[in-house]
Amino acid sequence: MAFYSTAKKIVRVLLWPFYKVETEYRAELPQEQGYIMASNHVSDMDPVMLGLAFHKPLNFMAKEELFRIPVFNSIIRALGAFPVARGKGDQAAIDHAVGIVKNGGVLGIFPEGTRFKDGKLHRLKSGAVVIAAKTGADVLPTCIRYEKRRFLRRHVKVVFGVPIKNHILNLTEQSKSELRAANKLLAEGIAELMGVEVP
């Protein structure tokens with residue numbers, strides 16, 4: 001992870017004139033075990049901002065089209081990103097995500113599936129809770145907010161909530177009803193951080 005650490009320092013310096021990132025942790029987070037960070041999705045810059053705010057390396061699912069760009073493909077892979085074919089039930093991506101969590105890593109995921117700039121939380125897709133079911137991992141609700149620019153700099157607030165313990169998600173049978181109920185719990189956690197209604 002030396003490349004990740006070095007890249008993070010470089011990006012922090014490069015973005016300092018344009019972004020001020022404020023971080024809030026509402027609970028102590030696991031240090032040894034893997035888990036899933038699930039955040040609302042506002043901007044293409046979200047993975048970068050979350051990476052700058054978080055204390056550990058993050059591994060993000062990213063749309064497969066990004067991995068077709070020469071050079072950029074190698075860079076984002078080195079930073080822990082991996083491709084997912086959206087809307088196709090990409091089993092290889094799910095298996096890779098499961099492996100990350102089981103090996104003690106932190107998986108970053110945007111369960112809304114795409115960006116929304118209206119300030120609301122939209123209906124969540126089931127990827128985060130499916131991976132939680134397959135790994136026994138906790139899920140960390142997260143919120144990212146972009147405020148108006150002050151001169152050149154834009155204030156970004158990242159709030160990491162209280163992890164939802166896997167046993168509370170109640171995914172023992174991984175049935176559709178259990179996944180829906182777990183997704184609702186996750187939506188409630190993210191919505192509370194955003195200060196908005198649950199979709």
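# Reading the reasons behind the labels

Q: Why is Phe 110 called buried?
A: Its relative accessible area is 14%, and buried means under 20%, so Phe 110 earns the word. Keep in mind as you look around that this is a predicted model.

Q: What makes Phe 60 count as buried?
A: The reasoning is the one used for Phe 110: the cut-off is under 20%, and Phe 60 comes in at 9% relative accessibility, so it counts as buried.

Q: How many aromatic pairs are there, and why is the pair of Phe 60 and Phe 110 called stacked?
A: The count comes to 4 aromatic pairs. For Phe 60 and Phe 110, the ring centres are 5.5 Å apart, and a pair needs centres within 6.5 Å. Their planes stand at 10 degrees, while stacked requires under 30 degrees. Both conditions hold, so the pair is stacked.

Q: Why can we say that Phe 60 and Phe 110 tie parts of the chain together?
A: Phe 60 belongs to strand β3 (residues 58-63), whereas Phe 110 sits in the loop between β5 (106-109) and α5 (127-135). These parts are 50 residues apart in sequence, so the pair ties them together.

Q: Which residues are linked into a cluster by ring pairs?
A: The cluster is made of Tyr 25, Phe 54 and Phe 160.

Q: How do we know that Arg 153 lies over the face of Trp 16?
A: Arg 153 is placed at 4.3 Å from the ring centre of Trp 16. The distance limit is within 6 Å, so that part of the test is met. Another arginine, Arg 149, lies over the face of Tyr 19, at 6.0 Å from the ring centre.

Q: What is the volume of the largest pocket, and which residues are the closest to its centre?
A: Its volume is about 1,400 Å³. The lining has 44 residues, and those closest to the centre are Phe 60, Met 61, Ala 62, Lys 63 and Phe 110. The stacked pair described above, Phe 60 and Phe 110, is therefore part of this list.

Q: Which elements each supply at least two residues of that lining, and how does it divide by class?
A: They are α1 (2-15), α2 (46-53), β3, α3 (72-78), α4 (91-102) and α5. By class, the largest pocket is lined by 27 nonpolar, 9 polar and 8 charged residues.

Q: How much space lies in the second largest pocket, and which residues are the closest to its centre?
A: About 300 Å³ of space lies there. Of its 17 lining residues, Val 42, Lys 117, Gly 119, Arg 145 and Tyr 146 are the closest to the centre. Strand β6 (residues 139-150) gives the most to this lining, with 4 residues. The classes here are 7 nonpolar, 4 polar and 6 charged.

Q: What makes the contact between Glu 24 and Lys 157 a salt bridge?
A: Their side chains meet at 3.3 Å, N to O. The limit is within 4 Å, so this contact qualifies. The two partners come from distant parts of the chain: Glu 24 is in strand β1 (residues 19-25) and Lys 157 in strand β7 (residues 153-160), 133 residues apart. A network of salt bridges links them with others, including Glu 22, Arg 26 and Glu 192. The count for the structure comes to 8 salt bridges.

Q: Why do Glu 24 and Lys 157 get their accessibility labels?
A: Glu 24 has 27% relative accessibility, which falls between the 20% and 50% cut-offs, so it counts as partly exposed. Lys 157, at 12%, is under 20%, so it counts as buried.

Q: How do we know that Lys 165 and Asp 138 form a salt bridge?
A: Their N to O distance is 3.5 Å, and the rule asks for within 4 Å, so the bridge is counted. Lys 165 lies in the loop between β7 and α6 (166-169) and Asp 138 in the loop between α5 and β6, so parts 27 residues apart in sequence are tied together. Asp 138 is buried at 7%, whereas Lys 165 is partly exposed at 39%.

Q: Why is Val 71 called exposed?
A: Its relative accessible area is 61%, and exposed means over 50%, so the label fits. Val 71 lies in the loop between β3 and α3. Its phi is near 70 degrees, a positive value in a residue other than glycine.

Note on methods
Residues are numbered from 1 along each chain as its sequence is written. This is a predicted model: local features need pLDDT of at least 70, side-chain atom pairs count only at pLDDT 80 or more; totals for chains, interfaces and linings use all residues. Side-chain values use heavy atoms; hydrogens and water are left out. Rings of Phe, Tyr and Trp (its six-membered ring) pair if their centres lie within 6.5 Å; planes under 30 degrees apart count as stacked, over 60 as edge-to-face and the rest as tilted. Buried means under 20% relative accessible area, exposed over 50%, partly exposed in between (1.4 Å probe, protein chains only). A charge sits over a ring if NZ of Lys or CZ of Arg is within 6 Å of the ring centre and within 35 degrees of the ring normal. On a 1 Å grid over the protein atoms alone, a cavity is a set of points where a 1.4 Å probe fits but cannot get out, and a pocket is an open set with protein on both sides within 12 Å along at least five of seven lines; lining residues have an atom within 4 Å of a point. Grid points are joined across faces, edges and corners, and a volume is the space filled by probe spheres set on the points. Ala, Val, Leu, Ile, Met, Phe, Trp, Tyr, Cys and Pro count as nonpolar, Asp, Glu, Lys and Arg as charged, and the others, Gly among them, as polar.
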